[in-house]
Amino acid sequence: MRKKYDYCIYIGRFQPFHLGHLQTVRIALEEASELIIVIGSHRTAPNIKNPWTSSQREQMIRLTLKDEPELLERIHFAPVRDQLYSDNLWVADIQQKVLAIAGDESAIAIIGHRKDESSYYLDSFPQWSYIETGNYRDIHSTDIRAAYLSRAPEASYYDKLPVGVQVSLSTFQSEARFAELCAEYDFIQQNKKAWSVAPYPPTFVTVDAVVVQSGHVLIVRRKSRYGSGLYALPGGFVDQDETLLEGMLRELKEETGLKVPMPVLRGSIVDSHVFDNPSRSLRGRTITHAYFIQLKAGKLPPVKGGDDADKALWMSLADLYIHEDLFFEDHFAIVLHFVSRV
């Protein structure tokens with residue numbers, strides 16, 4: 001029997017894929033001949049909000065439906081990157097992925113549930129019909145991740161997961177990354193608890209340096225607990241007795257030992273920008289002021305990791321893209337903001 005729609009679009013992060021997601025998949029395939037599952041947060045560095053890669057999440061869904069090949073063969077997967085500072089780029093990416101699969105003459109609907117303000121994206125595609133699913137059993141991925149990463153008994157969340165996902169999560173527990181994520185989860189919870197006694201929610205102010213020379217950007221590798229081992233921009237929290245500019249220059253010198261005189265660094269600042277997406281940091285509301293320092297072409301000055309960085313290096317802009325999924329928070333996007341303008 002012909003379906004009402006040719007394609008149904010289902011957008012989510014699926015961290016992890018749970019029974020509520022599965023219910024939506026089944027509804028979508030009742031309404032449409034084929035389903036395009038858009039997997040968000042593609043190529044995001046693993047953290048407690050996004051523990052699994054897009055390929056791992058796709059595999060979870062495939063395992064869930066492995067005994068129903070007639071359904072699985074009607075599903076397409078389309079991973080998309082987050083665009084914290086441009087909804088238009090994010091929407092365009094999804095539109096392009098859908099067009100490549102469905103063409104421009106298909107009857108298309110987007111499916112989802114308007115649970116809160118985070119569901120605003122459902123209104124970003126007025127060219128498609130909308131299917132409301134409702135909330136299935138009040139299941140939330142956030143609660144499942146919290147139980148999983150706090151090492152709560154499996155019985156407290158397994159009944160919310162398809163068997164295939166249960167197997168995936170059990171297997172993941174044997175990987176070194178799981179232990180690192182659990183430690184990171186504990187750190188974040190302790191940090192939030194420490195600030196819970198404040199009279200109002202704290203807002204943190206940080207600074208970052210984007211230093212570019214001869215097609216390379218100066219990068220550090222973090223050694224502190226939050227984001228340990230990830231690539232990041234030199235930077236940190238502003239001290240009480242310094243300006244933003246002074247804080248940026250101090251952090252730059254402390255973390256990289258950059259062998260460039262201070263007057264030259266000051267004179268090479270060509271731009272600055274505030275990055276303030278409320279979701280940019282898992283530590284809490286954190287606003288960073290980034291400075292773009294464009295050094296004259298020539299031999300790259302020596303650098304050496306120090307303070308909160310166990311390594312400092314000059315990374316070519318080509319390698320920057322290769323290592324996109326190893327960057328801390330939104331630092332990859334910050335670099336792109338500046339280098340795309342020169």
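Begin by selecting Gln15, which, once its neighbours within four places in sequence are left aside, is in contact with Lys49, Asn50, Pro51, Trp52, Arg57, Ser141 and Arg145. The model on screen is a predicted one, and what follows should be read with that in mind. Gln15 sits in the loop that runs between strand 1 (5–12) and helix 1 (19–31), and despite this loop position Gln15 is buried, with a relative accessible area of 1%. Show the side chains of Gln15 and Asn50 together, and a polar contact of 3.3 Å can be drawn between them.

Next, select Cys8 and Cys182 and display their side chains. Cys8 is buried, at a relative accessible area of 0%, and Cys182 is buried as well, at 3%. How many disulfides does a search of the whole structure find? The search returns zero, so no such bond needs to be drawn for either cysteine, given that a disulfide would require a pair of cysteine sulfur atoms within 2.5 Å.

From here, move to helix 4, residues 87–102, and look along its length. The helix has 16 residues and reaches 22 Å from its first C-alpha to its last, which is close to the 22 Å expected at 1.5 Å a residue. Colour Trp90, Val91, Asp93, Ile94, Val98 and Ala102, which are the buried residues of helix 4. Turn the view so that you look down the axis, and these residues are seen to cover an arc of only 155 degrees, which puts them on the same side of the helix. Where does that buried side pack? The buried residues of helix 4 pack against strand 1, strand 2 (32–39) and strand 4 (108–112). Now rotate to the face turned away from the buried side, where the exposed residues Asn88, Gln96 and Ala100 are carried. Before leaving this element, step on to Gly103, which follows helix 4 and has a positive phi, near 80 degrees.

Select helix 6, residues 163–172, as the next stop, and highlight Gly164, Val165, Gln166, Ser168, Leu169 and Phe172, which are buried. The partners to show around these buried residues are helices, namely helix 2 (54–64), helix 5 (141–149) and helix 7 (176–195), against which they pack.

The tour then passes to residues 202–338, the range that an unreviewed UniProt entry annotates as "domain: Nudix hydrolase". Over this range the chain is 24% helix and 34% strand, and the C-alpha atoms at its two ends are 28 Å apart.

Within that part of the chain, centre the view on Val217, which is found in strand 7 (residues 216–222). Is Val217 buried or exposed? Val217 is buried, with a relative accessible area of 0%. Residues up to four places away in sequence not being counted, Val217 touches Val210, Val211, Val212, Leu313, Trp314, Met315, Leu317, Leu320 and Val335. For a sense of scale, draw a distance from the C-alpha atom of Val217 to that of Tyr130, 87 residues apart along the chain, and the separation is 44 Å.

Finish at His337, which lies in helix 11 (residues 331–339). His337 is buried, with a relative accessible area of 16%, a value that falls under the 20% cut-off for buried residues. To see what surrounds this side chain, add His273 and Phe275, which His337 touches when residues up to four places away in sequence are not counted.

Technical notes: Residues are numbered from 1 along each chain as its sequence is written. This is a predicted model: local features need pLDDT of at least 70, side-chain atom pairs count only at pLDDT 80 or more; totals for chains, interfaces and linings use all residues. Side-chain values use heavy atoms; hydrogens and water are left out. UniProt positions are given in the numbering used here, feature names are shortened, and annotations may be inferred rather than shown by experiment. Helices (H or I, at least four residues) and strands (E, at least two) are DSSP runs, numbered from the N terminus. Buried means under 20% relative accessible area, exposed over 50%, partly exposed in between (1.4 Å probe, protein chains only). A polar contact is a pair of N or O atoms within 3.5 Å; within protein, one must be able to donate a hydrogen and the other to accept it, and residues adjacent in sequence count only if both atoms are side-chain atoms. Contact means heavy atoms within 4.5 Å. The expected span of a helix is 1.5 Å times one less than its number of residues. The arc is that of the directions from the helix axis to the C-beta atoms.
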